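Please look over the sequence and the structure shown below before reading on. The report that follows takes up its parts under short headings.

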Amino acid sequence: MAASERPSWLESKVAGVVQEGNREAPQDIKMALYKHGQLIPSLGDAKFRSPIISEIIEKKFEHYRNDKTLNIHGTLIFGTSNSLSGIMANLVFRNSFKVKYEALKTYASLTTLPVLATIVSYKLFVTDALQSGDISKESCVLRSALIGMACGVSYPSALAFYKNGRLAVKYQTVPLPPKGRVMLHWLLLCQTGMKAMAIPLFFQIIMGVFTGLNHYSICEKARARPVPDD
C-alpha cells in the first residue's frame, strides 16, 4: 500500500513543478527524473542558475566598489606611477645599450609587470594588514614606501637591464665584455642610466608615503563610522 502511494505522491510533485497555473513549463524541465526519492535536474536548469550566478558576481563587484578600505583607486594610481617608472627605465637602458630592436616587446613588459607587481604586493603587505587592524600608521607608510622603491625602481630597472642587455648581446650593439670583467663591463655601460633612475626613485618614495597615509586615514574613518542597525 505504501509502495503504491509513493509513485502517486511523486507524480503529483512533478505535476506541481511542471505546471504553474495555466502555464506549462519548458520541455527540458519535464525531463527531470526522480531517482531514489531525489530529483535529477536536466540541463535546462542552467537557464535558471546562470541569472543567479551573474547576480552574485554583480553583488561581489558592487561590494568591492563600495568597500573604501580596499583603496582601489589609490592602488591603481600607485601602480600607474610605477608603470611610468618602468617605461623610463626601459628608455634609459635602451639608450645605454644602444638597442633599437624589439621596442614593442620590451615596452609592453616594462609597462604591465610593474603594475601587477605593485597591486599584488600592496594587497598582501598593506591592504590585508590594514583590514585586520594589525599595522600602525608608521608601518603602513614604511611598507608603502618600500613597495614604491621595489616595484617602481628596483624591479623595473633590473628587468630593463636584463631584457635590453640580452638584446645588446644578440644584435651586438655594444662591445662584448672581456673575460673576468663581465659585471664591471655592464655596470660601466649603464652607469649613466643608473644615475638617471634616482629621479623616479625619489618620486616613488613620495608616492608610497602619500598612498600609505591616505589609505590609513580611509581605514580609520571606516572603523570610526557607526555600523547601521539591521
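## A charged pair on helix residues

Is Asp128 buried, partly exposed or exposed? In this predicted model, Asp128 is partly exposed, having a relative accessible area of 28%. The side chain of Asp128 meets that of Lys123 in a salt bridge, with N and O 2.6 Å apart, and Lys123 likewise counts as partly exposed, at 37% relative accessibility.

## The overall chain

The chain holds nine helices and four strands, and when it is read along the sequence the pattern is α-β-β-α-β-β-α-α-α-α-α-α-α. Of the 230 residues in the chain, 32% are buried. The area that the chain exposes is about 15,500 Å², and carbon and sulfur atoms supply 65% of it.

Contacts across the sequence can be described in a similar way. Among the contacts in the chain with a separation of 6 or more, 73% are accounted for by residues that lie 24 or more positions apart.

## A network of salt bridges

Side chains of opposite charge can pair when their charged atoms come close. How many salt bridges does the count come to? The count comes to three, and one of them is the pair of Asp128 and Lys123 already described. Glu102, Lys105 and Lys170 are linked in a network of salt bridges. Within this network, the side chains of Glu102 and Lys105 meet at 3.6 Å, N to O, while the closest N and O atoms of Lys170 and Glu102 are 3.3 Å apart.

Lys170 lies in helix H6, which covers residues 137-171, whereas Glu102 lies in the loop between helix H4 (72-97) and helix H5 (103-132), so this salt bridge ties together parts that are 68 residues apart in sequence. The members of the network can also be described by their accessibility: Glu102 is partly exposed, with a relative accessible area of 26%, Lys105 is exposed, with a value of 57%, and Lys170 counts as exposed at 56%.

## A nonpolar patch on the surface

Which residues make the nonpolar surface patch of about 220 Å²? The patch is made by Ile72, Leu76 and Ile119. Ile72 lies in helix H4, and at 37% relative accessibility Ile72 counts as partly exposed.

## Helix H9 and its cover

Helix H9 takes in residues 198-224. At 1.5 Å a residue, the 27 residues of H9 should span 39 Å, and the end C-alpha atoms of H9 are indeed 39 Å apart, which agrees with that expectation. The buried residues of H9 are Pro200, Gln204, Met207, Gly208, Thr211, Gly212, His215, Tyr216 and Cys219. An α-helix has 3.6 residues a turn, so residues three or four places apart point the same way. What covers the buried residues of H9 includes H4, H5, H6 and helix H8, the last of these covering residues 191-196.

## Gln204 and Gly152

One of the buried residues of H9 is Gln204, and its relative accessible area is 0%. Which residues does Gln204 touch, if those up to four places away in sequence are not counted? Gln204 touches Phe78, Ser81, Asn82, Ser85, Gly148, Gly152 and Val153.

Gly152, one of the residues that Gln204 touches, is found in helix H6 and is buried, also with a relative accessible area of 0%. Leaving aside neighbours within four places in sequence, Gly152 is in contact with Asn82, Ser85, Ile147 and Gln204. The C-alpha atoms of Gly152 and Ser81 are separated by 7.5 Å, although these residues are 71 residues apart along the chain.

## Cysteines without a disulfide

A disulfide is a covalent bond between the sulfur atoms of two cysteines. The count of disulfides in the chain comes to zero. Why does Cys140 form no bond with Cys219? The sulfur of Cys140 is 7.5 Å from the closest cysteine sulfur, which belongs to Cys219, and this is too far for a bond, because a disulfide needs a pair of cysteine sulfur atoms within 2.5 Å. Cys140 counts as buried at 0% relative accessibility, and Cys190 is buried as well, with a value of 0%.

Terms used:
Residues numbered from 1 in each chain as written. Predicted model: local features only at pLDDT ≥ 70, side-chain atom pairs only at ≥ 80, totals over all residues. Heavy atoms only, no water. Salt bridge = Lys/Arg side-chain N within 4 Å of Asp/Glu carboxyl O. Buried < 20%, exposed > 50% of the residue type's maximum accessible area, 1.4 Å probe, protein only. Helix = DSSP H or I, 4+ residues; strand = E, 2+ residues; numbered from the N terminus. Patch = residues over 30% accessible without salt bridge, like charges linked within 9 Å, V, L, I, M, F, W, Y side chains within 5 Å. Areas by Shrake-Rupley, 256 points an atom, 1.4 Å probe, with all protein chains shown as cover. Contact = heavy atoms within 4.5 Å. Expected span 1.5 Å × (residues − 1).
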